[in-house]
Amino acid sequence: MELDTRSDAAIYEAYAPELVRFATGLIGPTDAADVVADAFVALLGAPVWPQAMNHRALLYRRVLFEARSRVRSTQRRRAREDRAERVERVATVEFPDLRPDIGIAVLGLSPQQRAVVVLTYWQDLTPAGVADLLDISDGAVRKHLARARTHLRRVLA
Amino acid sequence: MNTLDDRIHQTVTTMLRAAPDPLPFEQLSAPRVVREARPLGLRRRNLVAAVGALGVVAAIVGIAVLVSYGETTGTPTSTSSGLPTYQRTEYSQSIGASCNDDAPPLSSGEFDAMTFESWADHDGRRYRMRVTYPDGSTRDVVALGDPWSPTELYVRGEARGRRVLCSDHRSTGGEPGDAAFWSLSPMAEIPRRPDGVPQVLQYSDLGVREPGRTEDSRGRAADLWRSAVSGTHESSAGDVRALRQENNWFVDPATGLVLERNWSEDIEGASSFSSREVLVLSDHRAASDAMFATDGYGLVRAQPNPATPSSTGSPTTLGS
């Protein structure tokens with residue numbers, strides 16, 4: 001049986017650029033492309049993939065999952081490091097174009113908060129749109145957004 | 001936007017400006033083991049994996065899903081009678097596609113309607129699917145061990161569902177399952193990952209139940225579960241278009257079986273696709289060993305599955 005293998009490539013090529021930007025907002029540019037590649041490879045072997053109704057949403061959720069896993073893994077590996085120093089160093093390396101205090105504030109957000117902020121301010125999605133994409137409730141989106149804005153206000157206001 | 005919003009917007013824009021290019025698709029690696037506890041362990045760099053390998057793995061192992069049954073992942077169709085369970089589903093699709101380049105759409109297959117029949121012999125751990133096309137031709141799949149990740153998977157016949165592919169956007173159409181066992185509602189227990197997440201998502205994972213009671217296209221009382229997503233689709237050429245996808249599941253309130261699923265996808269000015277899967281029969285019925293015999297089939301997958309130990313018998317004697 002001949003399988004049409006082009007469709008997976010087309011899906012990847014269609015969504016990878018925006019997913020990498022999304023991942024950059026979550027974990028910075030260094031690992032963003034790898035996180036997207038991991039997410040895609042994982043979904044490709046998942047049973048939901050062949051019949052998924054919304055590959056894009058699945059990919060966004062998986063990228064968020066991968067980013068959170070990577071953040072946790074990094075935190076475990078560097079548990080003995082001083083957290084403040086590490087955050088400052090990462091902020092400087094990952095987001096050199098941002099003022100250091102703003103970069104540190106961004107890294108102080110949880111991955112979920114970062115995801116909501118990125119989708120809200122980059123893709124101009126409404127809370128309902130973000131909720132649909134990430135498969136969380138409207139209320140959760142508003143809560144993450146409110147907390148993130150409060151957190152960022154300290155350095156941006 | 002107020003000042004804070006403006007500044008957050010500016011901050012996000014600055015952050016995302018640093019985004020690197022994605023890895024080329026050809027540099028992604030194929031999963032070695034599919035749906036293991038953490039299948040991401042495969043590294044994507046420095047591993048040669050052809051696009052075809054990815055597609056084959058996905059199609060073979062991605063045992064067709066988007067199925068559902070109730071709120072749990074129990075085995076919905078198991079029976080104390082020991083008789084295999086049976087589902088018959090009518091599938092139909094409608095494709096509209098235009099390509100944005102000079103090349104005409106590539107098409108494969110020819111039929112927009114077909115009948116799916118699926119048998120599950122739980123005692124023998126054998127699963128059979130037969131697709132019958134309007135001209136009477138058939139395609140068969142036999143999965144042994146487990147329908148989700150079979151130890152052995154056999155196919156016979158060709159997929160003849162119509163599919164359209166443009167060079168500048170994804171393909172549309174086809175038929176459920178490809179080279180995999182498929183049923184509208186699950187015919188075996190859905191496996192879970194170690195963290196408890198089901199490996200096959202159901203309507204209750206993907207959709208939201210609409211209030212009240214409705215009817216499916218055959219007038220059967222049903223609960224409606226719905227999922228709708230609006231967004232954009234970016235082609236490989238960078239052409240961005242509005243995208244909307246909608247999924248409606250009509251679920252039998254008494255049994256939890258999916259009676260009907262309607263799916264649609266519209267990419268503005270590029271393609272539209274809709275499909276309908278209607279369960280017309282679900283019961284228990286005897287099935288002979290011949291039903292699961294694999295003479296004349298091609299073996300497309302054979303591998304030990306730790307989650308579902310393989311039988312020691314030959315394919316034709318399993319469960320006998």
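1. In this note, two helices count as roughly perpendicular when the angle between them is 65 to 115 degrees, as roughly parallel under 35, as roughly antiparallel over 145, and as oblique otherwise. The structure is a predicted model, in which local features need pLDDT of at least 70, side-chain atom pairs count only at pLDDT 80 or more, and totals for chains, interfaces and linings use all residues. Residues are numbered from 1 along each chain as its sequence is written, while chains are lettered from A and ligands numbered from 1 in the order in which they are written.

2. Within chain A, helix 7 (residues 127-134) packs against helix 8 (residues 138-156) at about 110°, the axes (lines fitted to C-alpha atoms over the stretch in contact, with angles from 0 to 180 degrees between N-to-C directions) lying 8 Å apart. Helix 7 and helix 8 of chain A are therefore roughly perpendicular to each other. Helices here are DSSP runs (H or I, at least four residues), numbered from the N terminus.

3. Between the chains, helix 6 of chain A (residues 111-121) and helix 1 of chain B (residues 3-17) pack at about 100°, with axes 9 Å apart. These two helices are therefore also roughly perpendicular. Residues in contact (C-beta atoms, placed from the backbone, within 7 Å) are A:Val117, A:Val118 and A:Tyr121 on one side and B:Ile8, B:His9 and B:Val12 on the other.

4. Chain B has an average pLDDT (the predictor's confidence in each residue, from 0 to 100) of 73. Over residues 30-80 of chain B, the pLDDT is below 50. Where pLDDT is low, the predicted coordinates should not be read in detail.

5. The model scores ipTM 0.82 and pTM 0.50.

Definitions and conventions:
Two residues are in contact if their C-beta atoms, placed from the backbone, lie within 7 Å.
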